[in-house]
Amino acid sequence: NAGGYDLSAIQSLALNGTTLAAGRLDGTIIVWNLPTRKVLALLKHPALLHKISLSADGHLLASAGDGGTIMLWDVAKQVPLRSLHVDYRLPTLSVALSPDSTLLAAGNCGKSVNGSCQQVQVLLWDAHTGKVIDHLAVGSQLDILDVAFNSDGHTLAASSNAGIKLWDVTTRKPIGSTLSIPGNNSSVVDYYSNILFSPDGTMLASYSASGSAFDFVLWNVKQQELFAHPFTEDGSFQGSVAFSPDGRQLVSVVDRSGEGIFLLWDITTVSWEDRACTIANRNLTQDEWNQFVKVGNRSKVCPGLPLDQG
């Protein structure tokens, strides 16, 4: 309970620099000003809530829920601006607002045959008019699990059970190939349930859905490859992740046997080098350089520490 508001059954969180929104399963959405801790708005989605998304300035909020209903809200006035609808086939409907609040993205079934979706797509709306401006084909019959814009709004990511596709928002063209983990599809399918970009857009995190073993993966967006092998929180079946503002760390929060576990991860090569230098208190030897780096001439990894001449 915070400020008199019941925060049980929180289904989705949305955060920008000064505004935090929390959406409950029953459709209640509470918006706070973080510096003052005051409630800015109390909204009510008309169905069971799945996900919310907040514009970078905190003025516009999108909510998605049962029945394929998507609502766009004016946060300051606490009124709905418009209602949109999509055809979706999964228990969860995802939605994302671009940082400048001009675009809204959500998964949709463009063609259904005998109750089975044959044409999966991401719909793009003009958030100010509510008109559909494009359909981005996913290229598989698997439903959209999640959608996300990067911080400058130039890249859109959409995940399905087959992996994660990226698009250039301006040209509407795919970027590279689908990001996916090698292996049996059934063993990696849940890595793609939720996705989010790092603040600078260079990395993408994907993690499992609530109710399944909690795992998360980090991707190098520019190189179009895994940044690190998947992380698994043994014994945890509910959790989420968030990037630090500088993008050098990742926070994972999980529920393990009714106990909340908070873990902080260093996720950049610079932070790994700093930690290794602190522990070893020296630079790499030539043999270590040959074993772990293998490229270029041996140089100082740890500034201020001598280079072993051996």
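User: How are strands 17, 18, 19 and 20 arranged in the sheet?
Analyst: In this predicted model, the four strands form an open sheet in the order 17-18-19-20, with antiparallel pairing. Strands are DSSP runs of E with at least two residues, numbered from the N terminus, and two of them pair if DSSP finds at least two bridges between them.

User: Which strands stand at the edges?
Analyst: Strand 17 (194-197) and strand 20 (225-233) do; each has a single partner strand, so one side of each is left without a neighbour in the sheet.

User: And how many bridges join strands 18 and 19?
Analyst: Strand 18 (residues 203-207) and strand 19 (residues 214-220) pair over five bridges in the antiparallel sense. Within strand 19, Trp-219 is the bridge partner of Leu-204.

User: Changing topic: which residues have the most contacts inside the largest nonpolar core?
Analyst: They are Val-122, Ile-144, Phe-149 and Leu-156, in a core of 17 residues. Such a core is a set of buried Ala, Val, Leu, Ile, Met, Phe, Trp, Tyr and Cys residues joined through side-chain atoms within 4.5 Å, where buried means under 20% relative accessible area with a 1.4 Å probe, protein chains only.

User: Which strand gives the most to this core?
Analyst: Strand 11 does, with four residues. Strands 10 (103-113), 11 (116-126), 13 (146-149) and 14 (155-160) each supply at least two.

User: How much of the chain is buried?
Analyst: Of its 310 residues, 44% count as buried.

User: What conventions apply?
Analyst: Residues are numbered from 1 along each chain as its sequence is written. Local features need pLDDT of at least 70, side-chain atom pairs count only at pLDDT 80 or more, totals for chains, interfaces and linings use all residues, and side-chain values use heavy atoms, leaving out hydrogens and water.

Note on methods
Buried means under 20% relative accessible area, exposed over 50%, partly exposed in between (1.4 Å probe, protein chains only).
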